[in-house]
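Work through the exercises below with the model open. Try each task before reading its solution.

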Amino acid sequence: MMSTMVARGRTISTEPGGEPAGLRPGTRLYAGFVRGVLWPLMNRAYGRSIDRRMRFLDRSQWWTRARLEVLQARKLRRLVEHAYLRVPFYRREMRARGLRPENFTSPAMLRHMPLVTKAMLVEDPHDFLAEGARLESLVKDATGGSTNQPATFYRSREQDSWHWALKYRMWGMAGYRLGLPYVNIYNMRRRSLRKRVQDRLLRNCDFYLFEESRQDAVLARMLDVLSDPDVRFLAGCTTTIRVLAEYRAALAHPPPIHLQAILSTGSLLTQRDRAYIERHLAAPMWDHYGLGGEGAHVAAECEVKRGYHVNAENMIIEPAEPGCVDSDEATEIYLTVLDNHAWPLIRYVTGDRAVFTSRSCPCGRGLPLLERIDGRVSEVLRLPNGVKLNTHYFSVILAEVHDIDQYQVEQTARDVIVLRIVWRRREQAEALRRQIASQVETVSAGTVRVQFEDVAEIPRLPSGKHRFIIALPEDACVG
Ligand SMILES: [Zn+2]
């Protein structure tokens, strides 16, 4: 299957055609209808230009690196100029540093700009808002994400169009074509009606693993949908996909599965997990690196699967220590988003680490590569009622709780979860504790007790890293 993809090389496209072989005529016809009719209409109705961005990205991935850098430099210059003129934080900081927009002749100039941390964004999101824009009218993403600090991120419609177009390009590298049916495993339900209608039209079948205590029933329904020969794509968090693989592996007579690609994201994909999932779900994985809560699709594996291609048309990924490039040493990633003028993010400290490389990929794409992503090892909490929760469970339920500065979850016994909290504000603390306890009660069917500890800070590991979910020792390494 992989060799087919490699052989196709440059013909991989998000344009009509190039679909997987052997689909039913109805599936093929509907996919064509989505791409030709429905998708352009939906774009117009929602005030987006995802379709146009998709066509652009389909071409630009094959540009030379030099040409992509010219594009980045041009976008960066425009962004910095805009931020200087219209965004309070950047105007203030640039003036204090004696920087002017015309100094930004190349991305290398970025290092003269201040770093932006999540704490700064939480503290005063309006400081990053462009004059004339309103936070309420922007697209919102919330995170506990890859660190344990709840925050909200905002993006303009323009950036939202890039965001979705990038997602479809990354999926396109694995052979996905818009309009084909796929299954998505989420942690928790997204409640917007519009989103649900959209999912239905785009043949997206969603499952929610952490909504209720009958996880096995959800997994069984999922395998049932996956037994349809036309369902060739499965997407979700690495850990939730792993839970599905474990479930199927344990069945005496697992139902057939016809996947062409498994699209994973959300936490570090170890070689061991990859091998396990590929074996038990019978398809190759295509791993993506993104900042889910921040709403940034950062990098994706191509068919060659040696490193992650950065989505350079829309962002600049900067190594915290430039000396680390090509050294096989991981360094922190700073993110600059190039098309979000309403709420610009310039040099955002992601908290993630990667090994940067300057080598080119044999696939021929000019998009720069990250050799590998480091950190964000995910752990799974196994509850007495059989439900498995991953790292993201708590980050999702706490995502918009800005009263919490940081937290750490530790399963100290099979039936006890300790939640340590550094409070930012305590007025609602009691109500929030009750709310969290009740959510865990639901998912665990009452088999787990949550104990709360108020702490002044979360202790770091000897390595200096924060660890914000700690499973029982015997579960720490699931295998
Ligand atoms: Zn490649």
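Two strands pair if DSSP finds at least two bridges between them. Strands (E, at least two residues) and helices (H or I, at least four) are DSSP runs, numbered from the N terminus. The model is predicted: local features need pLDDT of at least 70, side-chain atom pairs count only at pLDDT 80 or more, and totals for chains, interfaces and linings use all residues. Residues are numbered from 1 along each chain as its sequence is written.

**Exercise 1. A strand pair**

Find how many bridges join strand S9 to strand S13, and in which direction the two run.

Solution. Start with S9 at residues 308-310 and S13 at residues 369-374. Two bridges join them. The strands run antiparallel. Next, look at His 309: Leu 369 in S13 stands opposite.

**Exercise 2. The whole sheet**

Give the strand order of the open sheet, then name the strands at the edges.

Solution. The sheet has 11 strands. Their order is S4-S3-S5-S6-S7-S8-S9-S13-S12-S11-S10, with mixed pairing. S4 (204-208) and S10 (315-319) stand at the edges. Each has a single partner strand, so one side of each is left without a neighbour in the sheet. From one strand to the next, the twist averages 35 degrees. Now add helix H9: H9 lies across S3 (182-186), S4 and S5 (233-237). H9 runs at about 160 degrees to S4. Such angles run from 0 to 180 degrees between N-to-C directions, with axes fitted to C-alpha atoms, for helices over the stretch in contact.

**Exercise 3. Leu 57**

Decide whether Leu 57 is buried or exposed.

Solution. Locate Leu 57 in helix H3, residues 50-60. Apply the cut-offs: buried means 20 or more other C-beta atoms within 10 Å of the residue's own, exposed means 12 or fewer, and partly exposed lies in between, with C-beta atoms placed from the backbone. Leu 57 counts as buried because it has 21 C-beta neighbours inside 10 Å. Then list its contacts (C-beta atoms, placed from the backbone, within 7 Å). Beyond neighbours within four places in sequence, they are Ala 165, Leu 166, Arg 169 and Glu 313. Arg 169 is 112 residues from Leu 57 in sequence, yet 7.0 Å away, C-alpha to C-alpha.

**Exercise 4. Two domains**

State which residues make up each domain, and how many from each enter the contact.

Solution. Domain 1 covers 2-64 + 158-374, and domain 2 covers 383-475. These bounds come from an automatic or database domain assignment. Taken over C-alpha atoms, the domain centres are 28 Å apart. Domain 1 gives 14 residues to the contact and domain 2 gives 15.
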